[in-house]
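Please open the structure in a viewer and keep the sequence at hand. The tour below proceeds by selecting one item after another.

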Amino acid sequence: MERNEVIDERFMRLALAEARKAFDAGEVPIGAVVVSGGAVVGRGHNLVETLSDPTAHAEMQALTAAATTLGGKYLADCTLYVTVEPCIMCAGAIGWSQIGRIVWGADDPKKGYRRYSEAVFHPKASAAGGVLRAECEELMHNFFAQLRV
């Protein structure tokens, strides 16, 4: 396994830990971390139900925390790891943050940003999906399966 893959999996596991916090709280289990220089500078998980706020997605929480930690709104030297492909709202916020790289686990064919446009992120940003896809998908599947019981 290449070094970048190992690094991506390491940080995606931290995003999965955030997603499990959301799962335990009855939230849709999506987690995110923002990394700069090999260190986590922001983290978050869905808080939509907890805060009664439709914008309290994991990515939004992590971006806000990272901007606060780094002291500025632009995150060009950062990577965002998120367990599920960002929605269009989060993709817009990611674009406005000018984040340098976005990595997600599970695709979201219903509400993922790529359903609308791949040109949402900052033009210099790179994006990649599928990191720990099976684990990210399993967590989502388990959450929605328990709702159907």
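Which residue in β5 does Arg 101 stand opposite? Select Arg 101 and look across to β5: the residue opposite Arg 101 is Ser 126. Please keep in mind throughout that this is a predicted model.

**First stop: strand β4 and its partners**

Next, select residues 101–106, which form strand β4. This strand is mostly covered, with five of its six residues buried. Now add strand β5, residues 126–128, to the selection. The two strands run parallel, and three bridges join β4 to β5.

Then select strand β3, residues 78–84. Strand β3 also runs parallel to β4, and five bridges join the two. For a point of reference, pick Tyr 81, which stands opposite Val 103 in β4. While the strands are in view, one general point may help: in a regular strand the side chains alternate between the two faces of the sheet.

Add helix α4, residues 88–97, to the view. Together, β3, helix α4 and β4 make a β-α-β unit, and this unit is right-handed.

**Second stop: the aromatic rings**

A pair of aromatic rings is described by two quantities, the distance of the centres and the angle of the planes. How many aromatic pairs does a search of the whole structure find? The search finds three.

For one of them, select Phe 23 and Phe 143. The ring centres are 5.9 Å apart and the planes stand at 70°; because planes over 60 degrees apart count as edge-to-face, this pair is edge-to-face. The pair links distant parts of the chain: Phe 23 belongs to helix α1 (residues 3–24), whereas Phe 143 belongs to helix α5 (residues 133–147), 120 residues apart.

Now add Phe 144 to the selection. The rings of Phe 143 and Phe 144 have centres 5.1 Å apart and planes at 85°, so this pair is edge-to-face as well. Ring pairs thus link Phe 23, Phe 143 and Phe 144 into a cluster.

Is Phe 143 buried or exposed? Its relative accessibility is 4%, so Phe 143 counts as buried. Phe 144, with a relative accessibility of 32%, counts as partly exposed.

**Last stop: Asp 24**

Finally, return to helix α1 and select Asp 24. Its relative accessibility is 67%, so Asp 24 counts as exposed. With Ala 67 also selected, compare two separations: Asp 24 and Ala 67 are 43 residues apart in sequence and 26 Å apart in space, C-alpha to C-alpha.

Note on methods: Residues numbered from 1 in each chain as written. Predicted model: local features only at pLDDT ≥ 70, side-chain atom pairs only at ≥ 80, totals over all residues. Heavy atoms only, no water. Phe/Tyr/Trp six-rings, centres within 6.5 Å; stacked < 30°, edge-to-face > 60°. Helix = DSSP H or I, 4+ residues; strand = E, 2+ residues; numbered from the N terminus. Buried < 20%, exposed > 50% of the residue type's maximum accessible area, 1.4 Å probe, protein only. Pairing = 2+ DSSP bridges. Right-handed = clockwise from strand over helix to strand, strands pointing away.
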